[in-house]
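Please open the model in a viewer and keep the sequence beside it. The tour below proposes a series of selections and describes what is found at each stop.

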Protein chains: 2
Amino acid sequence: MQILVTNDDGILAPGLTALAQAMVKLGEVTVLAPEKNWSISGHVKTLHKPLRLQKVSLTNDLLAYASDGSPSDCVALALLGALETKFDLVISGVNPNANIGHDVTYSGTVTAAMEACIARLPAVAFSLNSPENFQGELNYETAALVARRIVSKVIDHGLPEGVLLNVNIPYGSLDQVKGYKVTRQGLRIYRDALDKRYDPRGKPYYWIGGKPPIGVAAEGTDYGVLSEGYVSITPLQLDLTAFTALKEIEKWDLTD
Amino acid sequence: MQILVTNDDGILAPGLTALAQAMVKLGEVTVLAPEKNWSISGHVKTLHKPLRLQKVSLTNDLLAYASDGSPSDCVALALLGALETKFDLVISGVNPNANIGHDVTYSGTVTAAMEACIARLPAVAFSLNSPENFQGELNYETAALVARRIVSKVIDHGLPEGVLLNVNIPYGSLDQVKGYKVTRQGLRIYRDALDKRYDPRGKPYYWIGGKPPIGVAAEGTDYGVLSEGYVSITPLQLDLTAFTALKEIEKWDLTD
């Protein structure tokens, strides 16, 4: 089992090392992650410039590479053969914040897994529901253990074609985790606000600021079970068709 | 009716001006588009740096601004009030190439419309199915007329909540267009291949190359109807839950 591990926070993020080390018991692990942070950068394919790869020294037990591409570029490079390894599984994370609701199309953690899914490989994205305004060093121990358990099941059962998993893990010790629930994607509520400022030359510039997003804790959703202390496992697909809207739009008379 | 027009090819792209001018008959039009090309750049929210806006001179009849942010940043800036206009509708395009199948999470044209959808505004992305390897200047006349017809229907009927439209338009004259079909998202087949080269200092670099993607022309899909000469109107949603996979994954015993 050849396992590729990537993330969107960059090669030096502690969540990446914790995840990669947790995978070592399940197969041969290769890390290929971006040099820099690509949070909230979406699903990118870099075609307008070439990409670089370099072998890096992460920890003694890990084979690791960094690239100047995005998280999804890292997956593309690896799956198209840049490392001369044929991968069986792609794991992304652990992101230091939850990726729930509408976060999934923005998230580099999730879009890296999407890239693998499009290439028909099983893929799982892991994120940690860390407390808001947490200061100091996050503990990834529980997340790493949960990730290993879930990935071992993915290896046992496989994933349905065209499906990736988006996993969110509560913050705390393993015995605080209430269990595992398979969920649907919930609703995020973004509370962005514009912060207009003026530079020393009197020209305006704009920060996208505001308050951190919240979630709607509806039953059976990612955010709902997460806020009750469960690990949320959301199967996602790349068919975005709004099937319930087809009939309504078919009624429009577009010929007049 | 205040209409925001954006794109992912940048403020100088001819498809943007054609689309904006077609919208003038339907309401007050403001263009806010990226300074540079953001094709295949995904759903981006720029939080790590501030964004700039500048008024630009596009054509005499259009109020236009450019930003150093992504297509979705342009939408966010406008909807968060940077232009002090309350928009009713967001239109994106016209992209010079089709956005079908799995293209939708990569596409800046579509993710700009997603950004509006998350902010609960009706949004439509328009793309032109131009011939492969087309050389010379694309003609956006048909696309502009089709876009105006569809947007006038969106104004009449509204869109169901959480739904955006992804529209792909055949290339050719208006009388060659066979009609309009409401479709589901089809399958893209990417044919990417790695092109490894060496720089003048002997170090390797990698282009994501290969052949252009093709589509599976299945009945009722975006690519299927497009290749028969119809305009494809695909309603998309941002709930990516793979509902059919929920039961299968619930069977996994994650407690052992």
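In which sense do strand β1 (residues 2-6) of chain B and strand β5 (residues 89-95) of chain B pair, and over how many bridges? In this predicted model, the pairing of β1(B) with β5(B) is parallel and comprises four bridges. Within the pair, select Thr6(B), which stands opposite Ser92(B) in β5(B).

**The sheet of chain B**

Next, extend the selection to the whole sheet. It is an open sheet of nine strands with mixed pairing, and the order in chain B is β3-β4-β2-β1-β5-β6-β7-β11-β8. The edges are occupied by β3 and β8 (180-182) of chain B; each has a single partner strand, so one side of each is left without a neighbour in the sheet. On average, neighbouring strands of this sheet are turned by 25 degrees against each other, direction ignored.

**Two helices across the sheet**

Select helix α1 (residues 14-23) of chain B. This helix lies across β1, β2 (28-34), β5 and β6 (123-129) of chain B, and runs at about 140 degrees to β5(B). Then select helix α5 (residues 141-157) of chain B, which lies across β5, β6, β7 (163-170) and β11 (231-237) of chain B. The angle of α5(B) to β6(B) is about 155 degrees.

**The hairpin and Leu63(B)**

Move now to strand β3 (residues 53-56) of chain B, which is antiparallel to β4(B) and joined to it by four bridges. These two strands form a hairpin, with six residues between them. Here Lys55(B) stands opposite Tyr65(B) in β4(B).

Leu63(B) belongs to strand β4 (residues 63-67) of chain B. Is Leu63(B) buried, partly exposed or exposed? It has 15 other C-beta atoms within 10 Å, and therefore counts as partly exposed. Leaving aside residues up to four places away in sequence, Leu63(B) touches Thr30(B) and Val31(B). The C-alpha atoms of Leu63(B) and Leu32(B) are separated by 8.8 Å, although the two residues are 31 apart along the chain.

**Between the chains**

Finally, display both chains. In chain A, 59 residues are in contact with 59 residues of chain B. Strand β11 (residues 231-237) of chain A gives the most to the side of chain A that touches chain B, with five residues. That side has 37 nonpolar, 13 polar and nine charged residues.

A turn of 180 degrees and a shift of 0.0 Å along the axis lay chain A on chain B with an RMSD of 0.0 Å. The two copies are thus related as by a two-fold rotation axis. To locate this axis from chain A, select Gly42(A), whose C-alpha is the nearest in that chain, 2.2 Å from the axis. Of the interface residues of chain A, 100% are also interface residues in chain B, so the copies meet through the same surface.

Notes. Residues are numbered from 1 along each chain as its sequence is written. Chains are lettered from A and ligands numbered from 1 in the order in which they are written. This is a predicted model: local features need pLDDT of at least 70, side-chain atom pairs count only at pLDDT 80 or more; totals for chains, interfaces and linings use all residues. Two residues are in contact if their C-beta atoms, placed from the backbone, lie within 7 Å. Ala, Val, Leu, Ile, Met, Phe, Trp, Tyr, Cys and Pro count as nonpolar, Asp, Glu, Lys and Arg as charged, and the others, Gly among them, as polar. Copies are superposed by least squares on the C-alpha atoms of residues with pLDDT of at least 70 in both. A residue is buried if 20 or more other C-beta atoms lie within 10 Å of its own, exposed if 12 or fewer, and partly exposed in between; C-beta atoms are placed from the backbone. Two strands pair if DSSP finds at least two bridges between them. Axes are lines fitted to C-alpha atoms, for helices over the stretch in contact, and angles run from 0 to 180 degrees between N-to-C directions.
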